[in-house]
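Hi,

Here is the model I promised to pass on, with my notes below it. Have a look at the fold first, then read on.

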Amino acid sequence: MRGHYELTLSNGEKIPMRFCTWSLKRFCQLQGIGPSEIGEALSGNSTLDAIVNLLKSAAEYPLYSQGITPSYTDLNVCDWIDDMGGVASPKLQEIFKALSDSMASGL
């Protein structure tokens with residue numbers, strides 16, 4: 001299904017993610033921006049913060065949708081990025097593709 005991504009870490013832990021209207025709303029909350037500023041946030045001076053908040057938002061959706069309050073921190077998300085090989089890694093590019101696909105389909 002579009003907008004879904006399952007991140008598998010090197011220790012075997014799986015983190016389901018969903019890019020949807022709610023996760024973008026949550027991302028905007030965390031960034032303190034409006035929807036029209038999403039592109040700038042992901043390409044401007046605070047890009048790393050935006051990437052972390054985007055992944056955190058997508059990972060929170062599956063938990064909130066089941067009535068579970070997530071406890072992910074920025075540290076957790078940064079560890080996931082490091083585990084994937086960093087901000088320029090192919091795995092992170094796969095996640096961005098899932099986001100792009102979800103937006104192209106209208107979320």
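Let me start with L54: its relative accessible area is 2%, so it counts as buried (that is, under 20% relative accessible area; exposed is over 50% and partly exposed lies in between, with a 1.4 Å probe and protein chains only). Before you go further, note that this is a predicted model, in which local features need pLDDT of at least 70 and side-chain atom pairs count only at pLDDT 80 or more, while totals for chains, interfaces and linings use all residues. Residues are numbered from 1 along each chain as its sequence is written, and side-chain values use heavy atoms, with hydrogens and water left out.

Back to L54, which sits in helix α3 (helices are DSSP runs of H or I with at least four residues, strands are runs of E with at least two, and both are numbered from the N terminus). Leaving out neighbours within four places in sequence, L54 is in contact with F19, L24, F27, L42, F96 and L99, where contact means heavy atoms within 4.5 Å. From L54 to V87 it is 13 Å, C-alpha to C-alpha, with their positions 33 residues apart in sequence.

What about the other α3 residues I looked at?

- N53 is part of α3 too and is buried at 10% relative accessible area. Not counting residues up to four places away in sequence, N53 touches F27, L30, Q31 and D74.
- S57, also in α3, is buried with a relative accessible area of 0%. Beyond residues up to four places away, its partners are W22, S23, R26, F27 and L30.
- I51 belongs to α3 as well, and 8% relative accessibility makes it buried. With residues up to four places away set aside, I51 touches L42, I81, L92 and F96. I51 and H4 are 17 Å apart, C-alpha to C-alpha, and 47 residues apart in sequence.

Now for α1. Its buried residues are S23, L24, R26, F27, C28 and Q31. L24 has a relative accessible area of 8%, and its C-alpha is 9.8 Å from that of N53, 29 residues away along the chain. Just after α1 comes G32, with a positive phi of about 70°.

Next, how do α3 and α4 cross? Their axes come within 9 Å and cross at roughly 100°. The axes here are lines fitted to C-alpha atoms, for helices over the stretch in contact, and the angles run from 0 to 180 degrees between N-to-C directions. The two helices are therefore roughly perpendicular to each other (65 to 115 degrees; under 35 is roughly parallel, over 145 roughly antiparallel and the rest oblique). On the α3 side the contact is made by I51, V52, N53, L55, K56 and A59, and on the α4 side by D74, V77, C78, W80, I81 and M84. By class that contact has 9 nonpolar, 1 polar and 2 charged residues (nonpolar being Ala, Val, Leu, Ile, Met, Phe, Trp, Tyr, Cys and Pro, charged being Asp, Glu, Lys and Arg, and polar the others, Gly among them).

Within α4, V77, W80, I81 and M84 are the buried residues. They cover an arc of only 100° around the axis, so they sit on the same side of α4; the arc is that of the directions from the helix axis to the C-beta atoms. The face turned away from that buried side carries the exposed L75 and D82. After α4 comes G85, where phi is positive, near 115°.

Between these two helices, the loop joining α3 (47-64) to α4 (74-84) holds S65, which at 48% relative accessibility is partly exposed. The C-alpha atoms of S65 and W22 are 10.0 Å apart, with 43 residues separating them along the chain.

Finally, the core. The largest nonpolar core has 26 residues, and those with the most contacts inside it are L7, M17, L55, W80 and I95. Such a core is a set of buried Ala, Val, Leu, Ile, Met, Phe, Trp, Tyr and Cys residues joined through side-chain atoms within 4.5 Å. Two or more residues each come from β1 (4-8), β2 (14-18), α1 (21-31), α2 (38-41), α3, α4 and α5 (90-104). α3 gives the most, with 7 residues. Apart from residues up to four places away in sequence, I95 touches Y5, L7, M17, F19, L55 and M84.

Cheers
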